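Work through these exercises with the model open beside you. Each task is followed by a stepwise solution.

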Amino acid sequence: MATFETTRPAQGFFGGRLSSLVVSLVAGVAAWNDARVTRNALSKLSDRELDDIGLCRGDIESISASVR
């Protein structure tokens with residue numbers, strides 16, 4: 001009967017470096033998109049709605065940057 005090691009990732013092209021690069025790239029794109037969606041949603045709120053949640057229009061960029 002054959003056994004397989006399942007406790008470590010498979011060593012692919014360049015010893016797994018390429019796969020970790022791809023994972024990092026996908027994570028970066030996902031973080032950028034989350035920040036973009038947050039910024040767009042907050043930008044659509046009125047000043048009164050932003051005030052209700054304790055924000056002002058100047059806070060939108062810093063809030064979306066913290067999502068990344």
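A polar contact is a pair of N or O atoms within 3.5 Å; within protein, one must be able to donate a hydrogen and the other to accept it, and residues adjacent in sequence count only if both atoms are side-chain atoms. This is a predicted model: local features need pLDDT of at least 70, side-chain atom pairs count only at pLDDT 80 or more, and totals for chains, interfaces and linings use all residues. Residues are numbered from 1 along each chain as its sequence is written, and side-chain values use heavy atoms, with hydrogens and water left out.

**Exercise 1. Describe the fold and its confidence.**

Step 1. Take the elements from DSSP: helices are H or I runs of at least four residues, strands are E runs of at least two, and numbering starts at the N terminus. The protein has three helices and zero strands. Along the sequence the pattern reads α-α-α.

Step 2. Check pLDDT, the predictor's confidence in each residue, from 0 to 100. The protein averages 85, and 78% of the residues score at least 70. Among the elements, helix H2 (residues 47-52) has the highest mean, 96, and helix H3 (residues 60-67) the lowest, 86. Where pLDDT is low, the predicted coordinates should not be read in detail.

**Exercise 2. Place Ser64: is this residue buried or exposed, and what does its side chain join?**

Step 1. Apply the accessibility classes: buried is under 20% relative accessible area, exposed over 50%, partly exposed in between (1.4 Å probe, protein chains only). Ser64 is found in helix H3. Ser64 counts as buried because its relative accessibility is 0%. Of the 68 residues of the protein, 10% count as buried.

Step 2. List contacts (heavy atoms within 4.5 Å). Neighbours within four places in sequence aside, Ser64 touches Ala35, Thr38 and Arg39.

Step 3. Look for a polar contact. The side chains of Ser64 and Arg39 are joined by one of 3.2 Å.

**Exercise 3. Find the salt bridges and say what each one links.**

Step 1. Set the rule: a side-chain nitrogen of Lys or Arg within 4 Å of a carboxyl oxygen of Asp or Glu. Side chains of opposite charge can pair when their charged atoms come close. The count comes to three salt bridges.

Step 2. Start with Glu61 and Arg39, whose closest N and O atoms are 3.9 Å apart. Glu61 lies in helix H3 and Arg39 in helix H1, so this pair ties together parts 22 residues apart in sequence. Glu61 is partly exposed at 44% relative accessibility. Arg39 is partly exposed at 21%.

Step 3. Next, Asp47 pairs with Arg57, with closest N and O atoms 2.9 Å apart. Asp47 lies in helix H2 and Arg57 in the loop between H2 and H3, so parts ten residues apart in sequence are tied together. Asp47 is exposed at 52%, while Arg57 is partly exposed at 39%.

Step 4. Finish with Asp52 and Arg48, at 3.8 Å between the closest N and O atoms. Both lie in helix H2, four residues apart, about one turn of the helix. Asp52 counts as exposed at 55%, and Arg48 counts as exposed at 62%.

**Exercise 4. Which residues make the nonpolar surface patch?**

Step 1. Patch members have over 30% relative accessible area and no salt bridge; like charges are joined within 9 Å, nonpolar side chains (Val, Leu, Ile, Met, Phe, Trp, Tyr) within 5 Å. Areas come from the Shrake-Rupley method with a 1.4 Å probe; for residues, only the protein chains shown count as cover.

Step 2. Leu18, Leu21, Val22 and Val26 make a patch of about 350 Å². Leu21 lies in helix H1 (residues 17-43). Leu21 counts as exposed because its relative accessibility is 53%.

Step 3. Set the patch beside the whole surface. The protein exposes about 5700 Å², with carbon and sulfur atoms supplying 61% of it.
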